[in-house]
Amino acid sequence: MKKRLACFISVMMVSVMTLSACGSDGIIEFNPDAPADEKVSEAEEQEEKSDGSWAVYWYLCGSDLESEYGCATDDMNEMMSVKLPENVKFVIQTGGASTWQNEVISGKKIGRYEYSGEELTQIEEIKQANMGKSSTLSDFLSFCNENYPADHKIVLFWDHGGGSTMGVAQDENFDLDMLSLPEMRKAFEETCEVSAENPPYDMVAFDTCLMATVDVANIFKDVAKYLVASEETEPEIGWSYDGWIQALADDTTISLPELGKVICDTYYKACEERDYDDEATLSVTDLSKTDTLLAAYNKLGDEALVNVVSDESFAGKFSRAAKKTENYGGNTKNSGYSDMADMGDLVKHAKEILPNSSQEVLDAIKDAVVYQVKGKFKSHANGLSCYISYSNDKDKLKDYIKASGTEAFNHFYTYKVTDDLSQKGYEYVSALLGGEDFEIEEHFDISSLEDKALKIVDGSTAVLKIGKKNAEQLADVSYELLMALDDGETFVSLGAAGTPDDIDADWEKGIFKDNFRGMWGAIDGNLVFMELVVCNDDYTLYQVPIKLNGEETFLAVACDNASHEFAILGAHDELEHGVAPKSVTKLKAGDKVTPILFMMNKDDVQEFEMDTFKVTEDTTFAEEELGDGKYAILFEMTGTDGKYAMSDVEVFEVKNGVMEYL
């Protein structure tokens, strides 16, 4: 992991504790190549500029990002590289980390600090408290509002983020407890007068992963005017504090949309400089547009509900649209699920099956998101994400419902995950149907397709025939490549094919053929296990389990579908407790990589480690021809409830570059 050296220095203990500013001078220029949105200038014209006072209330939960990597220390140093004018102040509460990578901040107490442009001054130290608890946030907001009133107020959250179902501020001193969206809402309601017409804050911002969601917008729609957050995970470098704070210091008449743009552009530029830009996202949302967006999204949910109870094939169609949707944080069986995906991309993929309300949602998103930046392999991002129950986890569904602002989708995903509806949900759907009764269909029993026989055509193509009725009940069909061991009953899995060219799918007839080309993904010729994250028209993203220098992790790998060229985006750990790791490790020369595959037979599945190799300056990911040997293919069928079935296995042999089923 890359990190900048902390430049905190020892201080003298007097009535207050101070910390000298250090770091590079100057402003980070805007990224001229970052995706732009003309609505920023339009929003600026509508917002009156004023040279009033500014206060940034920074809720800095250090967590392991600080105790292990010093990321919070780094960002505070960036802040202190900027000399602030008299009308700008930062008020910072520190906590949530067992230790801090500097000589000033204690991991045993909550600290409160002021930065006014010259030095960091400790203004209060209170007993240890849980940063993941609503009352801790409430106390901080009350303290700030009472002691640091300002014409323009920004609340900034810093730490891990887990999207709509998890929230932010993971406190490692209190069993990794986090602030849920309802807990955040409670803290703000207790400390200010919320108002859609006159929000008490100018901006709520998240230097965290996964918090640019429609549900976060709903929580803060009458608390702040704008939301700045990322749909995707952020690298550990986080925002460019010396960049956006310098812009504010240089022009305190800056409009809120323009400040949001600066935050996005400087972040994207910093990601570019460190080669993190391919998956970077950050967006600015006008929260006054939230109600219109939620109303349109709820109409979409209504349409989905009517379809799912009246058309037994709809659940499969919706799940297949969700499968193609740009999603964030991983969402695979091995790395875990965030259950967050791009709202606009979902609607675009579902437009054919939800024609009546889709365009209204897309128009509302376009109106609400006034600016965004997004990398090459996140180009389908539209600025706000939504919950999709990829995991089919009932507890996460409950957390989503507590935070959701769209009743229709609460009932829709309850139906999908639990195969049932509450009495309230039943009455809601019945009202949509004009008071009619309806039957709740049970999920398709996918076990009936277990060990389905494959047919071999022309000695080189495996064909799965399940029929239209079965196919329309499924969320996905893919095939898995295996290496056959000598006993004929044990196989080592290399994962699932995912590019559009890899499988010929006829969903109308329920016939699926492999288009296996005798090639598979490899790092410097070393075959790897590939788990599909998403495949769209432009690119395919994979997770590749490995050991990196002896530690288990995942490589993010992207394939440009047009050029069929691959890129290694970096290594990241699995989601822990549903929270994405805010860290990406780039491979460097000398690193030791051990591909992890999975050995399987009828009774068991175990991890299987391949030979370790060293990374070089020229290390690349590419498709390689399979060497001579015996391999096998099986098809995996996934139901809308997340359960899956495996077909029978068909073994083939590669000999002198020629593939033939045995």
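Q: Below what relative accessible area does a residue count as buried?
A: This structure is a predicted model. In it, a residue is called exposed when its relative accessible area is over 50%. Values in between are partly exposed. Buried means under 20%.

Q: How many residues of strand 25 are buried?
A: Strand 25 covers residues 539-548. The rest of the structure largely encloses this strand, because the buried residues number 10 of the 10.

Q: Which residues of strand 25 point the opposite way from Tyr539, Leu541, Gln543, Pro545 and Lys547?
A: In a regular strand, side chains alternate between the two faces of the sheet. Strand 25 has two such sets, and all their residues are buried. Facing away from the set that starts with Tyr539 are Thr540, Tyr542, Val544, Ile546 and Leu548.

Q: Which residue in strand 25 stands opposite cysteine 535?
A: Strand 24 (residues 531-535) runs antiparallel to strand 25, joined by 4 bridges. A hairpin of 3 residues links these two strands. Opposite cysteine 535 stands threonine 540.

Q: Which residue takes a positive phi in the hairpin of strand 25 and strand 26?
A: Strand 26 (residues 551-560) is antiparallel to strand 25, with 10 bridges between them. One bridge pairs leucine 548 with glutamate 551. The hairpin leaves 2 residues between the strands. The positive phi, near 55°, belongs to asparagine 549.

Q: Which residue in strand 28 stands opposite lysine 547?
A: Strand 25 also pairs with strand 28 (residues 592-600). That pairing is antiparallel and has 3 bridges. Opposite lysine 547 stands threonine 594.

Q: What radius of gyration does the protein have?
A: The protein has 16 helices and 35 strands. Its C-alpha atoms fill a box of roughly 80 × 65 × 45 Å along the principal axes. A compact globule of 662 residues would come near 26 Å, and the protein agrees, at 26 Å.

Q: What share of the contacts with a separation of 6 or more comes from residues 24 or more positions apart?
A: Buried residues make up 60% of the protein's 662 residues. Contacts show how distant parts of the chain meet. Among those with a separation of 6 or more, residues 24 or more positions apart account for 70%.

Q: Which helix gives the most residues to the largest nonpolar core?
A: The largest nonpolar core has 55 residues. Trp58, Phe90, Trp239 and Trp244 have the most contacts inside this core. With 9 residues, the top contributor is helix 8.

Q: How many residues of helix 8 are buried?
A: Helix 8 spans residues 256-273 and reaches 26 Å from its first C-alpha to its last, close to the 26 Å expected. Just after the helix, aspartate 275 has a positive phi of about 65°. The helix is mostly covered, with a buried count of 15 of its 18 residues.

Q: How far apart in space are phenylalanine 90 and tyrosine 148, C-alpha to C-alpha?
A: Phenylalanine 90 sits in strand 3 (residues 88-95). It is buried, because its relative accessibility is 0%. Beyond four places in sequence, phenylalanine 90 touches residues including Trp58, Met79 and Trp244. From tyrosine 148 it is 58 residues away in sequence, and in space 9.2 Å.

Q: Is serine 195 buried or exposed?
A: Serine 195 lies in the loop between helix 5 (181-191) and strand 9 (201-207). Its side chain reaches the backbone nitrogen of glutamate 197 at 3.3 Å. Beyond four places in sequence, serine 195 contacts Pro200 and Asp222. Its relative accessible area is 17%, so serine 195 is buried.

Q: Which strands stand at the edges of the open sheet ordered 12-13-15?
A: This sheet has 3 strands with antiparallel pairing. Strand 13 (residues 340-342) and strand 15 share 3 bridges. Among the bridge partners are alanine 341 and cysteine 386. Each edge strand has a single partner, so one side lacks a neighbour in the sheet; these are strand 12 and strand 15.

Q: Which residue in strand 31 is the bridge partner of methionine 519?
A: Another open sheet has the order 23-22-31, with antiparallel pairing. Its edges are strand 23 (526-527) and strand 31 (621-625). Strand 22 (residues 519-523) pairs with strand 31 over 5 bridges. The partner of methionine 519 is glutamate 625.

Conventions: Residues numbered from 1 in each chain as written. Heavy atoms only, no water. Expected span 1.5 Å × (residues − 1). Buried < 20%, exposed > 50% of the residue type's maximum accessible area, 1.4 Å probe, protein only. Pairing = 2+ DSSP bridges. Core = buried A, V, L, I, M, F, W, Y, C linked by side-chain atoms within 4.5 Å. Polar contact = N/O pair within 3.5 Å; in protein donor to acceptor, adjacent residues only side chain to side chain. Contact = heavy atoms within 4.5 Å. Rg over C-alpha atoms; globule rule 2.2 N^0.38 Å.
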